[in-house]
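Here are my notes on this one, in the order I'd go through them with the model open. Have a look first, then read on.

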Amino acid sequence: MQKTLFAFLVVALLSNSSAFLVSAQDQRTDGIARSSEDATIIEMINQINESLLVKYHSGLLKFGPRYTGSISCNLAAEYIYDEFQQMGLETEFHEWRYGGFHSKNVVATLQGTDLSSTAEYILCGHYDTVVDAPGADDDAAGATSVVEAA
């Protein structure tokens with residue numbers, strides 16, 4: 001099986017994925033990598049494209065409040081879906097219903113190149129907001145981080 005990366009953008013589920021990057025960076029007070037794992041993390045942080053982060057973040061914020069099940073939330077899902085498709089990723093919607101709500105998760109898959117690996121990595125954030133909130137931090141920042149990582 002190929003090593004696979006799944007990028008999930010989940011409505012109303014998980015926390016900001018960018019928190020990992022900040023905490024990893026904060027641990028490097030001396031600026032010196034202490035292991036190959038540290039060096040790998042630093043290399044990944046250095047690959048972050050701030051222009052893309054701004055583009056994707058602005059793209060999500062243009063829909064205004066994206067509360068679960070709203071038209072603006074559905075438009076945001078379509079936007080994210082389209083961005084993943086433009087990257088050439090396998091992209092699909094997973095519809096769900098719970099507690100009177102109905103919406104869809106956006107799932108993008110990037111197949112790995114190591115055919116002997118069974119490893120799977122999941123990156124996720126949510127793109128919905130509470131009513132009357134633009135959702136810049138909750139959680140356009142997390143969703144933006146997932147799209148930029150893809």
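1. Salt bridges first. This is a predicted model, and it holds two salt bridges. One is between the side chains of E83 and K55, at 3.5 Å from N to O. E83 sits in helix α4 and K55 in helix α3, so to speak two distant parts of the chain, 28 residues apart, linked by the pair. The two ends are not alike in burial: E83 has a relative accessible area of 9% and is buried, whereas K55, at 41%, counts as partly exposed.

2. The other bridge brings together the side chains of E78 and K104, at 3.2 Å from N to O. Here, too, distant parts of the chain are linked, with E78 in helix α4 and K104 in strand β3, 26 residues apart. This time the lysine is the buried partner, K104 having a relative accessible area of 14%, while E78 is partly exposed at 31%.

3. K104 has a second neighbour to look at. Which ring does K104 lie over? The ring is that of F93, and K104 lies over its face at 4.3 Å from the ring centre. F93 itself counts as partly exposed, at 26% relative accessibility.

4. F93 also turns up in the aromatic pairs. The count of these comes to two. In one of them, Y81 and F93 have ring centres 4.5 Å apart and planes at 15°; planes under 30 degrees apart count as stacked, so this pair is stacked. Y81 lies in helix α4 (residues 71-86) and F93 in strand β2 (residues 90-98), so the pair ties together parts that are 12 residues apart in sequence. Y81 is buried, with a relative accessible area of 17%.

5. Now α4 itself, as its name keeps coming back. The helix has 16 residues and reaches 22 Å from its first C-alpha to its last, close to the 22 Å expected at 1.5 Å a residue. Its buried residues are S72, C73, A76, A77, Y79, I80, Y81, E83 and F84. An α-helix has 3.6 residues a turn, so residues three or four places apart point the same way; keep that in mind when you look down the helix. Just after α4, G88 takes a positive phi of about 85°.

6. On to the core. Nonpolar side chains tend to be buried together in soluble globular proteins. In this model the largest nonpolar core has 18 residues, and those with the most contacts inside it are L60, Y79, I80, F84, V106 and Y127. At least two residues each come from α3 (50-61), α4, β3 (101-111) and α5 (136-149). Which element gives the most? That is α4, with seven residues.

7. Then the α5 end of things. T144 lies in helix α5 and counts as buried at 2% relative accessibility. The side chain of T144 reaches the backbone nitrogen of H57 at 3.5 Å. D139 is also placed in helix α5, and is buried at 2% relative accessibility. From D139, the side chain reaches the backbone nitrogen of G142 at 3.0 Å. H57 comes up again here: the C-alpha atoms of D139 and H57 are separated by 9.8 Å, with their positions 82 residues apart along the chain.

8. One loop residue deserves a line. S117 is found in the loop between β3 and β4 (120-125). Is S117 buried or exposed? At 12% relative accessibility, S117 counts as buried. Its side chain reaches the backbone nitrogen of A119 at 3.0 Å.

9. Last, the overall picture. The protein has five helices and four strands, and along the sequence they follow the pattern β-α-α-α-α-β-β-β-α. Of the 150 residues in the protein, 40% are buried. For a quick tour, I'd start at E83 and K55, where α4 and α3 are linked, go on to K104, which meets E78 in a salt bridge and lies over the face of F93, and end at T144, whose side chain reaches the backbone nitrogen of H57.

Note on methods: Residues numbered from 1 in each chain as written. Predicted model: local features only at pLDDT ≥ 70, side-chain atom pairs only at ≥ 80, totals over all residues. Heavy atoms only, no water. Phe/Tyr/Trp six-rings, centres within 6.5 Å; stacked < 30°, edge-to-face > 60°. Buried < 20%, exposed > 50% of the residue type's maximum accessible area, 1.4 Å probe, protein only. Lys NZ or Arg CZ within 6 Å of the ring centre and 35° of its normal. Core = buried A, V, L, I, M, F, W, Y, C linked by side-chain atoms within 4.5 Å. Salt bridge = Lys/Arg side-chain N within 4 Å of Asp/Glu carboxyl O. Polar contact = N/O pair within 3.5 Å; in protein donor to acceptor, adjacent residues only side chain to side chain. Expected span 1.5 Å × (residues − 1).
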